[in-house]
Amino acid sequence: MELKMAANAELKNKLVQYLFKKEDRVHKLVISLLILSLIAGIETTLLLYSADQKGMNVLNGMSISEIGALSFAINTIVMGALGLLVTFIIQILIVCLLFLVLKERPVNIKGVCQAVINAGVCIVIGSGVNAIIALLVKSKETTFTSLSLLVHDKSSILHTFMAEFELFYIVSLILFTYSLEKLALIKRRNAWIITIVIALVSLVFHMLTVASGTYLK
């Protein structure tokens, strides 16, 4: 038991050191953003493939056989990768702007990028878990780790709203807050303010994109 506790403590310390180790090399931050975006693109392909196999209309009324397997894979990977990469860039810009509003100067852009990357890791892991579950079960759902499962009417605003209460997303927000504090050297109160603003912006954007039919519920 003591050995197990010691091993868990060591693993936790290594994880903390990895997440909150300051990175001064810009190219490593850029590579990390690109790798996460690529993984998200692959997850998008798996999720859309699963949805198509279950008869969900996610390809504008077309099937994978009509589009072509290769074209489907390339287009969905690019779509997913660019989607997350643009999200990362917008989030970094919004956070930098909020730094100025909250009079946190100078803006630690590298620290902000690392905080966004840390949160992105959680989101990508969550997307991977949901994509794998979607491939294994027959349920016409795309998110299995959120409260949206409790809402049967998938076309309702409530379903879209409850989808924001997703396990990995909530963890990512908490990690994002502490990453801002430790890596971007911002006051904890202001870090939480920034996180709440980002979460609200994400909620509004999510609901608008779902309503427009350009995003999977």
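**Exercise 1. Check the length of helix α4 in this predicted model.**

*Solution.* Start with what counts as a helix: a DSSP run of H or I with at least four residues, numbered from the N terminus. Helix α4 covers residues 69–101, which makes 33 residues. Next, recall that the expected span is 1.5 Å times one less than the number of residues. For α4 that gives 48 Å, and the end C-alpha atoms are 48 Å apart, so the two values agree.

Before going on, note that residues are numbered from 1 along each chain as its sequence is written. Local features in this model need pLDDT of at least 70, side-chain atom pairs count only at pLDDT 80 or more, totals for chains, interfaces and linings use all residues, and side-chain values use heavy atoms, with hydrogens and water left out.

**Exercise 2. Find out which residues of α4 are buried, and look at what follows the helix.**

*Solution.* Take the cut-offs to begin with: buried means under 20% relative accessible area, exposed over 50%, and partly exposed in between (1.4 Å probe, protein chains only). The buried residues of α4 include F72, T76, G80, L84, F88, Q91, V95 and C96. To read such a list, remember that an α-helix has 3.6 residues a turn, so residues three or four places apart point the same way.

Now step past the end of the helix. K103 follows α4 and lies in the loop between α4 and α5. Its phi is positive, near 60°, in a residue other than glycine. K103 has a relative accessible area of 68%, so K103 is exposed. In that loop you also meet P106, and the peptide bond from R105 to P106 is cis, with omega near -5°.

**Exercise 3. Decide how many disulfides there are.**

*Solution.* A disulfide is a pair of cysteine sulfur atoms within 2.5 Å. Applying this rule gives zero disulfides. Take C113 as an example: the nearest cysteine sulfur belongs to C96 and is 7.0 Å away. C113 has a relative accessibility of 12%, so C113 counts as buried. C122 is also a buried residue, because its relative accessible area is 14%.

**Exercise 4. Describe helix α7 and what T195 touches.**

*Solution.* Helix α7 (residues 167–183) has 17 residues and reaches 24 Å from first C-alpha to last, close to the 24 Å expected. At its start, a side-chain oxygen of E166 comes to within 3.1 Å of the backbone nitrogen of F168. After the helix comes L185, with a positive phi of about 55° although it is not a glycine. L185 has 53% relative accessibility, so L185 counts as exposed.

Now turn to T195, in helix α8 (residues 188–212). Its relative accessibility is 3%, so T195 counts as buried. A contact means heavy atoms within 4.5 Å. Not counting residues up to four places away in sequence, T195 touches L173, F176, T177 and L180, and these four are among the buried residues of α7. A polar atom of the T195 side chain also lies 2.9 Å from the backbone oxygen of A191.

**Exercise 5. Judge where confidence is lowest and highest.**

*Solution.* pLDDT is the predictor's confidence in each residue, from 0 to 100. The mean for the protein is 84, and 85% of its residues reach 70 or more. Confidence is lowest in helix α1 (residues 2–19), at a mean of 59, and highest in α7, at 94. Over residues 213–217 pLDDT stays under 50. Where pLDDT is low, the predicted coordinates should not be read in detail.

Notes:
Helices (H or I, at least four residues) and strands (E, at least two) are DSSP runs, numbered from the N terminus. A polar contact is a pair of N or O atoms within 3.5 Å; within protein, one must be able to donate a hydrogen and the other to accept it, and residues adjacent in sequence count only if both atoms are side-chain atoms.
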